[in-house]
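Open your viewer and get ready to make some selections. We'll go stop by stop, with a note on what to pick and what you'll find there.

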Amino acid sequence: MFSGLNFEPAQLPTEAEILRTGVREFIAREIPSDYLPNSDFNEGHVPAFSRKLGEQGWIGMTWPKQYGGADRSFFERYVVTEELLAAGAPVSAHWIADRQSGPLLLRYGTEAQKLKYLPPITRGESYFSIGMSEPNSGSDLASVQTRASKVEGGWVVNGTKLWSTDAHRNHYMVALVRTGPPGESRHEGLSQFLVDLHGDGVTVRPIKNIAGGEDFNEVVFEDCFVTAEHLVGTVGNGWEQVTSELGYERSGPERFLSAFRVFVEFVRYVDSNPSDEQSALIGRLASHVMTLRQMSISVAAMLQAGKNPATEAALVKSLGNDFEKVLPELIRLATPRLGPKHPLRCSLEQTLLHSPSFTIRGGTREILRGVIARGLGLR
Amino acid sequence: MMHDLILDTAERVFTDHCNKAVRDEAESGPADDQRGLFPEDLWAVVKEAGLHQVGGEESGSTLVDAFRVIRLAGKVALPMPFAEILVSNRFFQGEGLTTVAEGLVAPWARRAARVVTDDGQLVTEFDVVQGANLAGEPRDEIVFEEFESIELPPNFRAIMAMTRVASMCGGLEKLLELTIDYVGERKQFGRPISGFQAVQHNVARMAGEVAASIRASDAAIEAMDTNRFVLQVAAAKVRVGEAAGIVAEIAHQAHGAMGFTHEHELHQYTRRLWAWRDEYGHETEWQQLIGREVAAVGAERAWALISDCAS
């Protein structure tokens with residue numbers, strides 16, 4: 001199409017559409033009809049639900065069967081994820097393990113690690129948190145100061161990770177740490193370790209967010225010993241690995257569906273009798289979702305073809321985040337003041353309270369635009 | 001692939017024979033209210049290459065090919081009623097240049113032998129009140145007494161809207177290319193302005209809008225022979241129309257005062273984008289079509305309507 005950006009036309013194959021029917025039936029059966037998710041954050045950590053998804057074979061579904069996976073395509077995974085998100089299903093317990101930690105292990109892990117960690121993930125029993133940001137390292141990930149020092153039989157980790165979602169109730173973290181000097185590129189000397197969040201030397205402290213939730217955490221490592229078997233990939237290869245992990249983190253439909261339940265509640269509110277202005281707004285928002293979906297399916301096709309769609313994923317995330325931020329604002333202005341318990345108002349307010357995070361988590365808007373500009377050859 | 005061959009030919013012919021001078025000439029005229037001279041030489045080249053028959057049943061190509069070539073025409077701001085010519089060739093064949101009127105206003109009716117209106121009237125005897133859209137493309141009002149009723153293909157308005165979607169995608173691509181080139185060449189404060197983060201972020205935003213537009217357009221084309229065609233065209237017209245304004249604005253901002261001059265070709269694309277988004281229904285018309293459909297199926301089926309595959 002044009003330099004560095006290529007969204008090939010891609011259509012979901014028949015088997016993916018057949019699977020969609022099954023997912024919809026599952027959702028209709030398993031999610032109570034009066035269930036009102038406020039956003040993708042709240043009350044989304046439900047191990048019982050994750051285990052049910054595991055029973056369906058819908059976690060780690062693109063992974064090989066010998067690791068508990070289902071050998072399914074990225075298209076099928078796309079369909080499962082978008083159906084769950086559009087329904088507001090409580091999926092956060094297993095989400096990060098399924099989306100990025102598992103694929104990271106699959107790509108860089110040892111055979112023993114794959115056999116040990118992947119099957120419980122696919123059963124919906126083992127949950128992971130992200131260990132990237134730190135108090136002094138946000139967008140500038142190469143500046144991380146958490147350090148792992150080589151000792152007899154393994155490594156000792158010291159430092160602090162920040163914004164680790166659900167670290168207080170998940171099992172493991174993949175932590176990006178410094179194991180050597182940064183070199184001129186600053187990308188050298190980084191490594192990734194699997195850390196047991198319930199192990200010795202790990203303190204997890206929840207941090208309250210502006211919506212009142214306590215989902216993300218500060219995780220402090222004090223002389224935390226990990227064996228050599230906890231190293232992920234190669235010593236010093238952390239930058240390449242974490243970049244690949246970010247590709248998975250940025251590629252999915254969760255980057256434009258965070259506010260979708262507000263749209264659904266708005267459609268419910270206008271019922272079959274929308275004003276011209278309300279119809280126009282619904283149509284405008286729907287046209288954005290339809291387009292973002294098509295782009296996201298195109299990214300899934302690139303993943304399926306074994307390509308690395310890092311720039312395209314950044315672009316879809318950036319567009320999607322801007323969309324999910326403007327959605328509640330536009331619906332707010334198209335709705336009269338409703339009572340405090342009205343589902344549309346609750347949904348709007350909860351989403352608005354979470355919306356600042358949309359363009360920060362997984363790469364800020366500014367970082368993503370830089371990634372896109374690089375893809376265009378501007379830097 | 002024959003289809004790729006058509007695209008290769010179109011791209012070569014358009015880039016070799018359509019440039020700023022040709023477009024300037026087509027926009028000129030003896031007086032301010034008589035602007036718009038049909039580019040006969042360019043038309044001869046287009047016919048010679050057979051591009052006026054793309055999408056026609058005898059040519060072995062399809063309407064999908066027609067939309068793809070219309071996009072390429074948009075990318076060179078081809079100064080002729082190319083979309084109308086291809087649509088007419090496919091659906092309303094007859095002697096002489098045929099154009100299509102939206103209401104009573106038809107591109108280049110002054111040069112046409114036949115006009116088909118979008119409510120199914122074929123007109124061969126007509127007077128013309130010359131006019132133009134804001135891009136300086138002739139948009140002539142036709143005045144007539146006699147007409148022949150003809151059958152339009154199903155979803156005709158959506159097909160015509162799709163021609164504007166495809167044209168706009170071509171224009172959007174060109175604006176991105178022009179802008180990337182310009183910010184890489186233009187130096188201020190001792191370096192190319194592409195080195196400034198504010199500029200990079202604007203161009204990145206532009207790229208997002210262009211990528212979204214092309215995807216929306218392709219998705220509509222892919223849905224052509226399905227029951228989702230009108231819905232997908234509606235979404236594409238909405239999405240691309242929105243992108244057109246944003247991309248034109250950023251392109252002009254990046255080009256500075258240089259891009260505001262008539263001498264620079266930038267305006268030949270931005271003015272067309274501003275004009276085309278209003279032709280065959282601006283964003284609001286199509287938004288309402290989608291919105292009413294979503295409201296009619298209701299909240300529980302809204303997602304299914306958005307995500308269902310074509311059949």
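The tour below starts with the domains and the chain contact, then moves to the strands.

Before you click: this is a predicted model, with local features needing pLDDT of at least 70 and side-chain atom pairs counted only at pLDDT 80 or more, while totals for chains, interfaces and linings use all residues. Residues are numbered from 1 along each chain as its sequence is written, and chains are lettered from A and ligands numbered from 1 in the order in which they are written.

**Stop 1: the domains of chain A**

Colour chain A by domain: 14–127 is domain 1, 130–236 is domain 2 and 241–375 is domain 3. These bounds come from an automatic or database domain assignment. The C-alpha centres of domain 1 and domain 2 of chain A are 25 Å apart. Where they touch, domain 1 of chain A puts in 13 residues and domain 2 of chain A 11; "in contact" here is when two residues have C-beta atoms, placed from the backbone, within 7 Å. Now select α4 (92–108) of chain A, which gives the most to the domain 1 side, with 6 residues. Helices (H or I, at least four residues) and strands (E, at least two) are DSSP runs, numbered from the N terminus. By class, that domain 1 side has 7 nonpolar, 6 polar and no charged residues. Nonpolar covers Ala, Val, Leu, Ile, Met, Phe, Trp, Tyr, Cys and Pro, charged covers Asp, Glu, Lys and Arg, and the others, Gly among them, are polar.

**Stop 2: where A meets B**

Show both chains: 44 residues of chain A contact 41 of chain B. Which helix of chain A gives the most to this side? Pick α8 (276–304) of chain A; α8(A) supplies 18 residues. The chain A side splits into 24 nonpolar, 12 polar and 8 charged residues.

**Stop 3: a strand inside chain A**

Select β4 (172–178) of chain A. All 7 of its 7 residues are buried, so β4(A) is largely enclosed by the rest of the structure. Buried means 20 or more other C-beta atoms, placed from the backbone, within 10 Å of the residue's own. Toggle the side chains: A:Y172, A:V174, A:L176 and A:R178 lie on one side, with A:M173, A:A175 and A:V177 on the other.

Add β1 (128–131) of chain A, which pairs with β4(A) in the parallel sense over 4 bridges; a pair needs at least two DSSP bridges. Here A:S129 stands opposite A:M173. Then add β5 (190–196) of chain A, antiparallel to β4(A) and joined to it by 7 bridges. In that pairing, A:Y172 stands opposite A:D196.

**Stop 4: the two domains of chain B**

Switch to chain B and colour domain 1 (2–149) and domain 2 (156–307). Their C-alpha centres lie 22 Å apart, and 22 residues of domain 1 of chain B contact 25 of domain 2 of chain B. On the domain 1 side, select α2 (20–27), α4 (63–75) and α5 (82–91) of chain B, which each give two or more residues. The largest share, 9 residues, comes from α4(B).

**Stop 5: a sheet in chain B**

Finish on the open sheet of 4 strands, order β1-β3-β4-β7 (chain B), with mixed pairing. β1 (98–101) and β7 (148–149) of chain B are at the edges with a single partner strand each, so one side of each has no neighbour in the sheet. β1(B) runs parallel to β3 (114–117) of chain B over 4 bridges, and B:T98 has B:R114 as its bridge partner.

Terms used:
Buried ≥ 20, exposed ≤ 12 C-beta atoms within 10 Å, placed from the backbone.
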